[in-house]
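Student: I would like a close look at one part of this structure, namely its cysteines and the question of disulfide bonding. Please set that part in the context of the whole chain.

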Amino acid sequence: MFGSKPSVLGGVHVKHNKYTENCESKRITLPETVTILMSQHIGASCVPTVKVGDEVTKGQVIGDTESFVAAPIHASVSGKVTKVDSVLTSSGAMVPAVMIASDGEDRVSPDLTPPVVTDRESFLAAVRASGLVGLGGAGFPTHVKLNPQPAIDTLVINGAECEPYITSDYRECMENAEDIFYGITAVQKYLEIPNVIIGIEGNKPAAIKKLSEMAKDYPGVRVLTLPALYPQGAEKVLIYSATKRVLPEGKLPADIGVIVMNVTSVGFLARYLKTGIPLVEKRITVDGGAIKEKGNIIVPIGTSIQYIAEAMGGFVGTPAKILMGGPMMGIALYQADTPLVKNNNAILFLNEKDLVVKETTNCIRCGKCIQACPFNLMPAALEGAYQAKNIDRLKALKVNLCMECGCCSYICPANRPLVESNHLGKLLLRNAGK
Amino acid sequence: MDNKLIVTGAPHVKSANTTQKIMLYVILALMPSLVAANIVFGFRSTVVVGVAVAACVAFEYLFKVITKQKQSISDLSAVVTGILFAYNLPVSAPIWLVILGSFIAIVVAKQLFGGLGKNFANPALVARLVLFVSFAAAMTHWPAPYYYKEVDMITTATPLLLLTKDPASLPSLMDMFLGVRGGCLGETSVLALLIGGAFLLWKKVISPIIPVTYIATVAVLLWIAGANVPYHVMGGGLFLGAIFMATDYVTTPSTKKGMFIFGLGCGILTVVIRLFGSYVEGVSFSIVLMNLLTPLIDQYTGTKPLGGGK
């Protein structure tokens, strides 16, 4: 009753709003310019390897670094470098960026050929060269994730797509299922992973059916129907659902024998291994009440959100919020003129009707936040500890385990800013050196 | 248009659940008991409840005006307090007593401690206990069921008193279940309280842990002590207390473990007071005592974070 292992970790039932699930991917007219950030991943920022005036082709490396935890950056259009400068990103950081004026020809670099992969080392080198980062949203360089020391027994493929509105991973399953299995097979082969579990939320029956049918031809690969309970796609939650293993504090999934990869990441990996064209474009879901045309589009990385909005018929009324990502964890942009990055999977143009505005009142200690937290944290108590700046208590209550999934803030009847206080509590803990 | 974009932290969508909605569900869940009270004790039940609600809301409104704080009556918690307080009164309670109790509940027990969410004990119960020890005669004057149909006021003893004094004149068990017996106006009908409790469980407003643990503990301990279990369990304010007062979020633990301890503690205290104390009823004292212990319970019943190390 109190301490037994639950079959599913906590979470919240959110409105799915998957309006675009049947919108096939399409391309929009190429933008005239792109702004490509040199930091599109967790880890070290890349250094531009081109200068103003250089002619570049699509797929050419324009930024790289010696650091291990990083992924190279490629030109997403062909054309001329017009500017190499720092720009302010959506998260408020100044990041170096390369601006390219497209020549409209979309010429692919002639020396791009499928990588020669023969063993684990050449495979990991190819993954790094592809520029792949976790496309589910985290943006962690994939070659780093695939290079663990301990033995891996299970590869978990994340097709949960638990965020409302977003359907770009679903479209990957429906349109590029062969690529997904090709990518899985490659990872399995070079990393010697016996078991593969593809986790998909139950609200996507067509994808479950399609991948389950195909999985019959791949021994060791099975599809797992996840409950449609946000946040099933969060790494630790998915690992629990797929393997019933609990990721201990401070450990990586590889430490418990698991690697998690997003479906679109393995799909892309397959296309890279076949063609040699690195990560230069991304499928994103465009939705929300404030945009005329909704759907899934494939866009060059570095395209301005403003341009995407115009290509999708422009705004309907005035957008109240523009989100990079889903409504549960996405970042609210302060301006539409922000470039698309690798790990974006949706741009949502929300109007006031799409947002639930609630008054913030006193905590009534209802305990809903505790029930909603997938990790059994006590968000209301954490808020109190943060307000008291009580570092020892923040530490005891494990604020550091919070992944900021948003369940507590979502469910709170008093609309307390619980995620915000956890975020700030984590900073407080980090700054105190604990 | 850029400068009009709203920039906040995630999540950008929120559930439709609000404090006001929760309170509204509790009010709805309390309505079957009001119907039962009107049948058993007449329309004066509605008058007592109406006065208590109006007084509670008015005191909260005035307190906020005088202390220059943001109004909070729209959260409906004062309405819930008013109803619960009235349910803990005999139907014959004088109107001035109802208003005085509402003042104690809202101003003394709730607002002086910081308003909703900050009160240390259930406001309605604090008010009841203050009146109970201060105005014992008025608070233990029990009009008999259907007295309003008679010419003269007929009074009765509550079943818990009859158990010790005059077991022969106890009402039938069916009357006990339906609420045709002497007692506080909102506590007598077990049936009506169960309907309300089922509604709250269905709407997930309350967890069954506290009511079930509380009632089961009382039943088991009384059974061990050789007492008359059905009359004891249905005779006092146990169902009203267990379903509607011991589940008040603010003054009870919010983890499952804490709720279990709270229910157990309430059960033990109730039985101890009833069997060994000088009062025949012990629900109000037990819940308020456990309210006071809630911060301590909270301290030892925190959840264990998943994967958390030392």
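Tutor: A disulfide is counted where two cysteine sulfur atoms lie within 2.5 Å. In chemical terms, a disulfide is a covalent bond between the sulfur atoms of two cysteines. The model is predicted, and over all chains it holds 0 disulfides.

Consider Cys366(A). The closest cysteine sulfur to its own belongs to Cys412(A), at 6.3 Å, which is too far for a bond. Cys366(A) is also buried, as its relative accessible area is 11%, and the cut-off for that term is under 20%.

Cys408(A) can be described in similar terms. Its sulfur has that of Cys402(A) as the closest cysteine sulfur, and the separation of 6.2 Å is too far for a bond. With a relative accessibility of 9%, Cys408(A) counts as buried.

The setting of these residues is chain A, in which 58% of the 434 residues count as buried. The chain comprises 13 helices and 17 strands. Its radius of gyration, 21 Å, is close to the 22 Å from the globule rule for 434 residues, so chain A is as compact as a globular protein of that length. The C-alpha trace spans about 60 × 50 × 45 Å along its principal axes.

Contacts across the sequence complete the picture: among those between residues at least 6 apart, 72% join residues at least 24 apart. At the surface, chain A exposes about 17000 Å², with 54% supplied by carbon and sulfur atoms. The chain carries 44 positive and 41 negative side chains, and the centres of these two sets are 7 Å apart.

Technical notes. Residues numbered from 1 in each chain as written. Chains lettered and ligands numbered in written order. Predicted model: local features only at pLDDT ≥ 70, side-chain atom pairs only at ≥ 80, totals over all residues. Heavy atoms only, no water. Helix = DSSP H or I, 4+ residues; strand = E, 2+ residues; numbered from the N terminus. Rg over C-alpha atoms; globule rule 2.2 N^0.38 Å. Buried < 20%, exposed > 50% of the residue type's maximum accessible area, 1.4 Å probe, protein only. Contact = heavy atoms within 4.5 Å. Areas by Shrake-Rupley, 256 points an atom, 1.4 Å probe, with all protein chains shown as cover. Lys, Arg positive; Asp, Glu negative; His and termini not counted. Charge placed at Lys NZ, Arg CZ, Asp CG, Glu CD.
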